[in-house]
Structure formats: structure tokens, C-alpha cells
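Please open the structure in your viewer and keep the sequence panel visible beside it. The tour proceeds by selection, from the whole chain to single residues.

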Amino acid sequence: MFFPPVLGKLLLVGAGGFIGASLRYAVSSRVPKIRSIPAGTLTVNILGSIVLALLTLSSEPESMVYLVNIGMLGSFTTFSTFAYETFRLLEEGENFSFFLNIFLNVTLCLAGVSVAYLVLNM
């Protein structure tokens, strides 16, 4: 069956989104908080950063960009949840955890991208 190019891309993004959202729930719901740090969100953001870097830095077919990069990883990782959970830490007076959560998400996700880069350039 032939789909117009835009509809085909939309279906790839939607299918990837379904997979990514399901995986996000499966992973983040099984990772307990560490102290008051939302480690489930941290885990999916690190994993997503690594996978996105591996795919983006290597050559991949255009269809994979829509299915995996935009759809799956777009719904697997989440900046909005990170922002909300971090704000809640501040609101609850967990100042150390507030700053630690920001530091860990930014640092470990950038480290994940660096690891992917090193793996691909060995």
C-alpha cells in the first residue's frame, strides 16, 4: 500500500512514539528513587542520549530518523518530566537533591553522548 510521504513519516513517528512511551514506562517505573532523586527519569534520559548519539553519529536510513530518533526516543526521554520533577524537589525544600538532579541529568547525558562518540570513532 502506498502512503503519501508526509503520512508515511507521520505513521513512523507514531509507531516509534508508541514503542518509546511503552519502554519509558517499563524502565522508569522499575527504577526506584535514589534518596529523593527521580532515578527513573534520569535512567531513561541517559539511555536515550546514548542511543540517539549512536544513531545520529552513524549513518542511518531516513526512515530510522522518523521511527527511532523522533518517535521512539522522543517519547522515551523527556525533558518536561525532568523539569517538573526537578521543580517539585525545589518546592519540597530538597535543595541539595534539586541541584544534584540537574547536575546528574546534564552531566551523565553528555557523558553518554561522549561514550557513543568514542565507540563510533574507535
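The stops below begin with the overall fold, continue through the helices and their contacts, and end at individual residues.

**The whole chain**

Please display the entire protein as a cartoon, bearing in mind that this is a predicted model. The protein has five helices and zero strands, and its pattern along the sequence is α-α-α-α-α. Along the principal axes, the C-alpha atoms occupy a box of roughly 55 × 35 × 20 Å. Of the 122 residues, 29% are buried. Among contacts with a separation of 6 or more, 70% are between residues 24 or more positions apart.

**Helix α2**

Select residues 39–57, which form α2. This helix has 19 residues, and the distance from its first C-alpha to its last is 27 Å, close to the 27 Å expected at 1.5 Å a residue. Show the side chains of its buried residues, which include Leu-42, Val-44, Asn-45, Ile-46 and Ala-53. Against which helices do the buried residues of α2 pack? They pack against α1, α3, α4 (79–91) and α5 (95–120).

**Where α2 meets α5**

Add residues 95–120, the helix α5, to the selection. The two helices α2 and α5 pack at an angle of about 30°, and their axes are 8 Å apart. Because angles under 35 degrees count as roughly parallel, α2 is roughly parallel to α5. The crossing of α2 past α5 is right-handed.

On the α2 side, the residues to display include Leu-42, Ile-46, Ile-50 and Leu-57; on the α5 side, they include Leu-104, Leu-108, Val-113 and Leu-120. By class, this contact of α2 with α5 contains 14 nonpolar residues, four polar and no charged.

**Where α1 meets α2**

Hide α5 and select residues 5–28, which form α1. Is α1 oblique or roughly parallel to α2? The helices α1 and α2 pack at an angle of about 130°, with 9 Å between their axes. That angle makes α1 oblique to α2. Their crossing is right-handed.

Show Arg-24, Val-27 and Ser-28 in α1, which meet Gly-40, Thr-41, Thr-43 and Val-44 in α2. This contact of α1 with α2 comprises two nonpolar, four polar and one charged residues.

**Where α1 meets α3**

Keep α1 in view and add residues 62–76, the helix α3. The angle between α1 and α3 is about 35°, and their axes lie 6 Å apart. Again, α1 passes α3 in a right-handed crossing. Residues to display in α1 include Leu-12, Gly-16, Gly-20 and Leu-23, and their partners in α3 include Tyr-66, Ile-70, Gly-71 and Phe-76. Twelve nonpolar, six polar and three charged residues make up the contact of α1 with α3.

**Helix α3 on its own**

Isolate α3 and examine its length. Its 15 residues should span 21 Å at 1.5 Å a residue, and its end C-alpha atoms are 19 Å apart, which agrees. Which residues of α3 are buried? They are Tyr-66, Val-68, Asn-69, Gly-71, Leu-73, Ser-75 and Phe-76. Bring back the neighbouring helices to see what covers these buried residues, including α1 and α2.

**Val-68**

Center the view on Val-68 in α3. Val-68 has a relative accessible area of 9%, and since buried means under 20%, Val-68 counts as buried. Leaving aside residues up to four places away in sequence, Val-68 touches Leu-55 and Leu-73. Draw a C-alpha to C-alpha distance from Val-68 to Ile-19: the two are 49 residues apart in sequence and 9.1 Å apart in space.

**Gly-74**

Move along α3 to Gly-74. With a relative accessibility of 46%, Gly-74 is partly exposed. A second distance may be drawn here, from Gly-74 to Ala-21: these residues are 53 residues apart along the chain, and their C-alpha atoms are separated by 8.6 Å.

**Arg-35**

Finish at Arg-35, in the loop between α1 and α2. Is Arg-35 buried or exposed? At 76% relative accessibility, Arg-35 is exposed. Its backbone merits inspection: Arg-35 has a positive phi of about 60°, although it is not a glycine.

Notes. Residues numbered from 1 in each chain as written. Predicted model: local features only at pLDDT ≥ 70, side-chain atom pairs only at ≥ 80, totals over all residues. Heavy atoms only, no water. Helix = DSSP H or I, 4+ residues; strand = E, 2+ residues; numbered from the N terminus. Buried < 20%, exposed > 50% of the residue type's maximum accessible area, 1.4 Å probe, protein only. Contact = heavy atoms within 4.5 Å. Expected span 1.5 Å × (residues − 1). Axes fitted to C-alpha atoms, helices over the stretch in contact; angles between N-to-C directions. Parallel < 35°, antiparallel > 145°, perpendicular 65-115°, else oblique. Left-handed = near helix turned anticlockwise from the far one by under 90°. Nonpolar A, V, L, I, M, F, W, Y, C, P; charged D, E, K, R; others polar.
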